[in-house]
Amino acid sequence: MSLDVLAIAAHPDDIEQTCGGTLLRMAEMGYRTGALDLTAGDMGTRGTPEQRLAEAEVAARHLRLQWRGNLRFPDARLENNIGARMTLAVKIRELRPRVVILPYWQGRHPDHYHASELGYEACFLAGLAKLPLAGKPHRPFKIIYASQYVPNVLPSFVVDITAQFEKKLKAIFCFSSQFSPPKELQNLFPSRADINARMGSEARHFGHMIGTRYGEPFIMREVAEVDDIVKLRVKSI
Ligand SMILES: [Zn+2]
């Protein structure tokens with residue numbers, strides 16, 4: 001398999017929340033997209049891993065993903081160790097993505113920043129020809145970081161997801177074990193309406209940065225190249 005874009009994240013539903021609109025937009029443009037969740041969320045208060053895996057499958061259809069997998073690494077204690085790096089590197093060789101989307105390298109949940117570092121290092125290892133790993137060496141051309149969970153960090157660019165936003169929400173709400181808690185837990189967890197409002201205001205915030213209704217933010221370590229400064233988008237403020 002050879003994907004154009006592969007998103008890697010710690011927990012099922014992280015990808016939907018941080019880059020679901022962008023993945024769907026890329027699929028609508030004809031690109032082959034995929035998602036790899038590193039854990040099944042075994043430590044989550046709500047739902048079983050099996051439930052979350054089944055929910056991820058349904059969400060994948062809303063995002064029109066060509067491929068989705070889960071490495072079943074231990075949730076809430078995700079580690080960037082050599083075993084995890086090698087396993088992930090083999091997967092990257094199998095999927096051969098040109099672009100990889102990773103979580104931003106800082107955040108509140110340790111799994112998120114461990115996933116970021118683990119993903120970055122696995123992309124590097126996957127390209128080393130002499131490493132005793134299954135598959136043909138492959139190093140993704142580009143790594144970008146989804147930064148929606150860290151809204152105080154200025155993104156390098158924002159993708160307009162106005163046309164994809166409703167479907168992104170649908171994909172998020174496929175994880176009903178997370179977002180539709182049983183009655184007795186309802187006062188402990190945010191309601192669906194609260195999450196809807198939060199997702200809406202975050203997407204509006206980032207959309208506003210580029211003059212559109214809804215957006216998803218990304219960070220890259222490299223500088224962007226521009227060919228035509230006359231066609232630069234986003235009006236000066
Ligand atoms: Zn997460």
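**Figure 1. R64 lies in the loop that links helix 2 (49–62) to strand 3 (67–73).** Helices (H or I, at least four residues) and strands (E, at least two) are DSSP runs, numbered from the N terminus. The model is predicted: local features need pLDDT of at least 70 and side-chain atom pairs count only at pLDDT 80 or more, whereas totals for chains, interfaces and linings use all residues. Residues are numbered from 1 along each chain as its sequence is written, and side-chain values use heavy atoms, with hydrogens and water left out. The phi angle of R64 is near 55 degrees, a positive value in a residue other than glycine. With a relative accessible area of 47%, R64 is partly exposed; buried means under 20%, exposed over 50%, and partly exposed in between (1.4 Å probe, protein chains only).

**Figure 2. A76 occupies the loop between strand 3 and helix 3 (82–95).** Phi of A76 is near 70 degrees, and this value is positive in a residue other than glycine. A relative accessible area of 46% makes A76 partly exposed.

**Figure 3. T33 is a buried residue of strand 2.** The relative accessibility of T33 is 0%. Contact means heavy atoms within 4.5 Å. Residues up to four places away in sequence are not counted, and on that basis T33 touches L3, V5, L23, M26, A27, R64, L65, Q66 and W67. The list thus includes R64, the loop residue with positive phi shown in Figure 1.

**Figure 4. D37 is placed in strand 2 (residues 33–39) and pairs with R68 through its side chain.** D37 counts as buried, at 1% relative accessibility. The side chains of D37 and R68 are joined by a polar contact of 2.9 Å. A polar contact is a pair of N or O atoms within 3.5 Å; within protein, one must be able to donate a hydrogen and the other to accept it, and residues adjacent in sequence count only if both atoms are side-chain atoms. Neighbours within four places in sequence aside, D37 is in contact with A9, A10, H11, P12, I15, A56, R68, G69, N70 and L71.

**Figure 5. D4, in the segment before strand 1 (5–9), reaches the backbone of R32.** The side chain of D4 comes to 2.7 Å from the backbone nitrogen of R32. D4 is buried, its relative accessible area being 16%. Apart from residues up to four places away in sequence, D4 touches Y31, R32, P97, R98 and V99. The C-alpha atoms of D4 and V100 are 8.6 Å apart in space, although 96 residues separate D4 from V100 in sequence.

**Figure 6. G30 lies in the loop between helix 1 (14–28) and strand 2.** G30 is exposed, with a relative accessible area of 58%. G30 and D4 are 26 residues apart in sequence, and their C-alpha atoms are 9.6 Å apart. The exposed G30 is thereby shown together with the buried D4.

**Figure 7. V159 is found in strand 6 (residues 157–160).** A relative accessible area of 13% places V159 among the buried residues. Without its neighbours within four places in sequence, V159 is in contact with T22, R25, I210, Y214, G215, E216 and F218. One of these partners, F218, is 59 residues from V159 along the chain, with a C-alpha separation of 7.9 Å.

**Figure 8. The protein chain is given as context for the close-up views, with seven helices and seven strands.** Along the sequence, these elements follow the pattern β-α-β-α-β-α-β-α-β-β-α-α-α-β. The radius of gyration of the protein chain is 18 Å, close to the 18 Å that the globule rule gives for 237 residues, so the chain is as compact as a globular protein of that length; this radius is taken over C-alpha atoms, and the rule is 2.2 Å times the number of residues to the power 0.38. The C-alpha atoms fill a box of roughly 55 × 50 × 30 Å along the principal axes. Of the 237 residues, 49% are buried. Among contacts with a separation of 6 or more, 80% come from residues 24 or more positions apart.
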